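Me: Please take me through this protein by question and answer, in terms suited to a first-year student.

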Amino acid sequence: MFFDSQTKRLLRVQSDEFLSDVAQLTAINMGNPVFQYIAAAVEVAALHGTGIIPETYWASRDKAIYLSNGDGQSAKITASNVEAVDNGTDGVLFPVGMTLPTWELTEPQDPFESCRLFRDAAYADPHGKLLLKLWVTSLPTNPNCKPPIIFSGEIRSGKTKTAIGIARLFGLPSEPAELDKTDKSQHDFWVAINGGGLVIPDNVDNWIKWLPSALSAAATGGGKQERQLYTNDQQTKLLPKAWLAVTTANPLFASDSATADRLLLVRMNRRMGETDDAALLAEISAARSAGLSWVARTLSAALADELPTPKGLNLRHPDFGTLAIKLGRAMNAEVEAIAAMSAAEADKSRFCLENDPVGKALLDMMTNEPDGFAGTAAELLDKFAKYDADFGDDAKGNHGKRLWSSKRLGKRLTSLWLHIESLFDATREKNRNGIANFRIRSGSTAGFAGFAATISGKSSQEDYIGTFAKSLDESPQTPQPTAKAYAETLEI
C-alpha cells in the first residue's frame, strides 16, 4: 500500500488510481512494457515496508478511539477532546474505500431522539431502546469480542429497517445478507464479517446448522480457518472484524444455549406510526453529522469516566457491560443503563427457552403451575404432554418411535440448565439409583443476586431498584419470578 503524505490517503499499489498517479508522475504510459517493471518495483518496496496493518471504518487504541472521516481524515476521540486529525495520525491508517463517508464535527444531537426510525420504533420491552442505543454508540470502540444484536419481531415491526438505519447513520454499506444452509453461504458470512463495519443477516427464520456455532465464534472473537483458494495446503483465517445485527421472526438458532448466552436481544412489535422507509432513512442521512458528533462526544465522556461499575451485567462480554454503564452515565441515564443491562441478561435465558420445545413447555408449565415441579424426567414428560402434544405417548416419529423419551428429555434439560437456573429456583441431583431428580420453582434470582452494583453519586440505590423493577414489571416478556423478587435480592 502507498500513503500519500499530501492527500493523507492510503492506496493499494495495485489499484488503478495509484497506478494512474504513477503514470502521470513518470510520464510513462501504463501500456508501455517499461511501466510493468516500475509497478513491480513499487510492489516489492511496499512488501518490505513498515508493516502497519490498515484499519476499517474505525479503530481503538489505548485511551483513544478513531472514527474515519472520508479518505483523508478521522476524528480522534480522547477523554479530554474530540478533534479532526489527518489520516495516519498516531499510525492509525484507513485505506481508501474502507472509510466512512465525509461528515462534520458539529453541534451534537442524539439520533435516537431526532430520528423517527429509532425514536418511534415499537420496542416490546421498556429497556429495548436504551439497550440498542448503548450498543450502537459502542461500535467505534471495536473490541475483539462483539456481542451480536438480535432484532426479533413479527412482520412489519421494522427490524430490517432499524438495522439498515444504524448502517446509514455511520455511512456503512447496508445491504442485508441472506443466509442459507449451504457451505457457500457460510463462507460468504465469514468473508463479510472479516471485512469490518456492520453485517446484517436478514430474515434468519429457518434452521441453519452452521449458524449457531458461527455466531458463538464471532461473538467471542474466534475466526474460521480454511484453505486459501487455488492452493493445496496454504491456510487463511477469517476474523470477526464486523459487528452483527441479525433480524428474525422465528429465531430457531436461539435454541442453542451457548449461542443465546452471547446475544443481545431487542424485541420489536409491529410499527404503527410512520412507515415510509425512504423518508425515515433520509432523515437519518440528513442528521448524520450531528448524530456522529453526538456519538463521538458520548464516547469521549465515557473514556473520561474512571468510576467503578457494577460487575456481572454481561457475563459473556464484561468489557461491553462496563462500557455500557459508562456510556449510560455520559447520557445521564446511569440507573436506566444498569436496569437495561440487567434485564437484557435475564432475557437471554428466556429467549433460549422460548425457542426450544423443551424450554417452551417448561415456560408454559411454570406460568400455569406456579408451585413448580419436583421429580424425575419421566414424570416431567407427563407434565409437558399437557402443554405440547409432541411430548405425549401418541406422538410418533418417522420410524414409529415416540418423539421424546425420558432419557432424551433429561439430556436436553441438562443442556438448557444454565438458562433454567437463570430464570427459576432450580436444582438437580441424582438419587441412590443414579436417576436425576429435578426441582424447579419460581423465585430464582441467579445471575442477579451476586451483583456488587456500584452506582455513582449521581444515582441512588432506591432509584436503581425502582427503575429495574419497573422495567421488568412493564415488560410483556417479564419472566417468572416477578421484578419485585429480583429487586429484593439485589445486593447493593
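The exchange below treats the whole protein, two helix contacts and two loop residues.

This is a predicted model, in which local features need pLDDT of at least 70, side-chain atom pairs count only at pLDDT 80 or more, and totals for chains, interfaces and linings use all residues. Residues are numbered from 1 along each chain as its sequence is written, and side-chain values use heavy atoms, with hydrogens and water left out.

Me: What percentage of the residues of the protein count as buried?
Reply: A residue is buried when its relative accessible area is under 20%, exposed when over 50%, and partly exposed in between, using a 1.4 Å probe and protein chains only. The protein has 492 residues. The buried share is 49%.

Me: Is helix α14 parallel or oblique to α16?
Reply: Helices are DSSP runs of H or I with at least four residues, numbered from the N terminus. Axes are lines fitted to C-alpha atoms over the stretch in contact, with angles from 0 to 180 degrees between N-to-C directions; under 35 degrees counts as roughly parallel, over 145 as roughly antiparallel, 65 to 115 as roughly perpendicular and the rest as oblique. Helix α14 (residues 357-368) and helix α16 (residues 406-423) pack at about 55°, with their axes 9 Å apart. Therefore, α14 is to α16 oblique.

Me: Which residues of α14 meet α16?
Reply: A contact means heavy atoms within 4.5 Å. On the α16 side, the residues met are Leu409, Arg412, Leu413, Leu416, Ile420 and Leu423. On the α14 side, they are Val358, Gly359, Leu362 and Leu363.

Me: Which description fits the arrangement of α13 and α16, perpendicular or oblique?
Reply: The axes of helix α13 (residues 334-354) and α16 come within 9 Å. They cross at roughly 125°. The two helices are therefore oblique.

Me: Where is Asn142 found?
Reply: Most residues other than glycine have a negative phi. Asn142 has a positive phi, near 50°, and is partly exposed at a relative accessible area of 24%. Its place is the loop between α5 (128-138) and β7 (149-153).

Me: Does Arg156 count as buried or exposed?
Reply: Arg156, which is not a glycine, has a positive phi of about 65°. This residue lies in the loop between β7 and α6 (159-170). At 66% relative accessibility, Arg156 counts as exposed.
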